[in-house]
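Subject: A structure for you to explore

Hi there,

Here is the structure I promised to pass on to you. Have a look around it first, and then read on for my notes.

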Amino acid sequence: LVAKLKAGQTPSRKETPPTLGAYARSWLERHAERVGIETLRSYEHRLRLHILPAIGGLPLAEIRRSDLEGFLTTLERGKLAPRSQRKAWSVALDVIRDACVDFGLPDPSQRLGGPRAQPEPAGRVLSKEELTALTNAALNLAFGASAYVLVLAYTGLRRSEAACLRREDLNLASLDDAWLTVSRSKTRAGKGRRVPVPRPCAEALERHLATAPASPWVWPSKTDRAHHMNAGTGYRWIEAAGRAAGLEATPHDLRRTLSTLANRAGVDRLALQAILGHTSPATTDIYIRTSDEDRRKVLRVLGSS
């Protein structure tokens with residue numbers, strides 16, 4: 001991607017300000033050596049699909065506040081999720097503001113707010129009964145799906161972390177004291193963490209590994225055993241188990257459920273943070289939800305004091 005960007009023409013800062021589309025190429029090229037490849041791909045994706053088709057042809061010196069207001073309206077009325085709207089708007093402002101600094105132009109984006117879309121739903125937390133129904137329904141799934149669902153339900157792993165598990169990451173020598181090690185994670189704190197595996201989950205993993213194809217991965221790809229499965233497959237397995245149990249659930253719902261139920265059971269917050277692989281305890285707090293029963297406990301404690 002870096003080589004592709006550098007192959008294009010980079011506008012000179014001494015020349016007349018180019019169009020937003022032409023400047024965006026040089027803007028990406030400069031960021032290629034400052035940010036990670038995934039972040040760079042995200043920038044390129046937002047520019048190519050959402051920003052440049054709408055305002056990429058405008059000369060930088062002629063972009064007005066009304067142009068940006070029109071682009072903002074387009075984002076809000078489109079089919080993008082609220083989070084994608086905010087990201088596209090943020091990238092557009094970053095490019096325009098950098099261009100204004102480079103060419104000494106007035107900033108047309110001053111005092112402009114972001115998309116007014118409704119925030120995305122915060123997700124749900126399953127009750128103990130719903131979680132039991134989901135895991136029981138998962139036992140009827142095939143091709144390692146049951147073990148995958150139980151791993152997410154009982155360990156709180158992200159779906160991508162579970163999909164990337166290797167056989168060597170599992171320690172199932174004792175089903176009553178089983179562990180797994182997360183070798184790939186979204187966060188630095190999550191990589192290399194050891195997570196306890198409850199016996200029902202350990203038994204499901206043992207049954208799966210006994211019949212799974214020969215591969216270094218716990219869940220290998222169907223088309224190439226040398227690679228792990230796609231995390232999207234695991235998402236569909238969770239959905240299938242939910243339908244069988246008569247409820248809706250996502251992989252992240254299971255992560256919230258484990259956090260909330262463990263907290264209610266009195267699990268130490270720092271231990272929970274280590275299991276989930278969060279860098280900050282504040283992030284762990286976001287995953288813990290309260291219920292009416294939790295609030296009633298406060299009243300009972302205050303009433304007895």
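Below is what was found in it, topic by topic.

Please keep in mind that this is a predicted model.

**The nonpolar cores**

A good place to start is the inside. The largest nonpolar core has 40 residues. If you want to find its best-connected members, look for Tyr148, Val151, Leu157, Leu180, Leu205, Trp219 and Leu254, which have the most contacts inside this core. Several elements give two or more residues to it, including the helices α6 (128–138), α7 (145–155) and α8 (159–163) and the strands β2 (178–181) and β3 (194–197). Among these contributors, α7 gives the most, with 8 residues.

Tyr148 is worth clicking on. Not counting residues up to four places away in sequence, Tyr148 touches Arg159, Ala162, Ala163, Trp219, Met229, Ala231, Gly234, Trp237 and Ile238. There is also a second, separate core, made of 29 residues, and Leu28, Leu60, Leu68 and Ala92 are among them.

**The salt bridges**

Next come the charged residues. Side chains of opposite charge can pair when their charged atoms come close. This structure holds 12 salt bridges, and I picked out three for you.

In the first pair, Glu69 bridges to Arg65, with the closest N and O atoms 3.2 Å apart. Both residues sit in helix α4 (residues 65–77), 4 residues apart, which is about one turn of the helix. Glu69 is partly exposed at a relative accessible area of 36%, and Arg65 is partly exposed with a value of 36%.

In another pair, Glu203 bridges to Arg199, and here the closest N and O atoms are 2.8 Å apart. These two belong to helix α9 and are 4 residues apart, so about one helical turn separates them. Glu203 is partly exposed, at 26% relative accessibility, and Arg199 is partly exposed too, at 36%.

The remaining pair joins Arg193 to Glu161, with 2.8 Å between the closest N and O atoms. This pair links distant parts of the chain: Arg193 is in the loop between β2 and β3, Glu161 is in helix α8, and they are 32 residues apart. Are these two buried or exposed? Arg193 has a relative accessible area of 6%, so it counts as buried, and Glu161 is buried as well, at 1%. You can also bring Arg158 into view, since Arg158, Glu161 and Arg193 are linked in a network of salt bridges.

**Two packed helices**

Two packed helices are described by the angle between their axes and the distance between the axes. Take helix α3 (residues 37–55) and helix α5 (residues 82–103): they pack at an angle of about 80°, with their axes 9 Å apart. Angles of 65 to 115 degrees count as roughly perpendicular, and α3 and α5 are therefore roughly perpendicular to each other.

Which residues of α3 and α5 meet? From α3 come Tyr43, Arg46, Leu47, His50, Ile51 and Ile55, and they meet Ser84, Lys87, Ala88, Val91, Ala92, Val95 and Ile96 of α5. The residues of this contact divide into 9 nonpolar, 2 polar and 2 charged.

**A proline in a loop**

One last stop is Pro59, in the loop between α3 and α4. Pro59 counts as partly exposed, at 26% relative accessibility. Leaving aside neighbours within four places in sequence, Pro59 is in contact with Pro18 and Thr19. Pro59 and Tyr235 are 176 residues apart in sequence and 43 Å apart in space, C-alpha to C-alpha.

Enjoy exploring!

Best wishes

Terms used
Residues numbered from 1 in each chain as written. Predicted model: local features only at pLDDT ≥ 70, side-chain atom pairs only at ≥ 80, totals over all residues. Heavy atoms only, no water. Core = buried A, V, L, I, M, F, W, Y, C linked by side-chain atoms within 4.5 Å. Buried < 20%, exposed > 50% of the residue type's maximum accessible area, 1.4 Å probe, protein only. Contact = heavy atoms within 4.5 Å. Salt bridge = Lys/Arg side-chain N within 4 Å of Asp/Glu carboxyl O. Axes fitted to C-alpha atoms, helices over the stretch in contact; angles between N-to-C directions. Parallel < 35°, antiparallel > 145°, perpendicular 65-115°, else oblique. Nonpolar A, V, L, I, M, F, W, Y, C, P; charged D, E, K, R; others polar.
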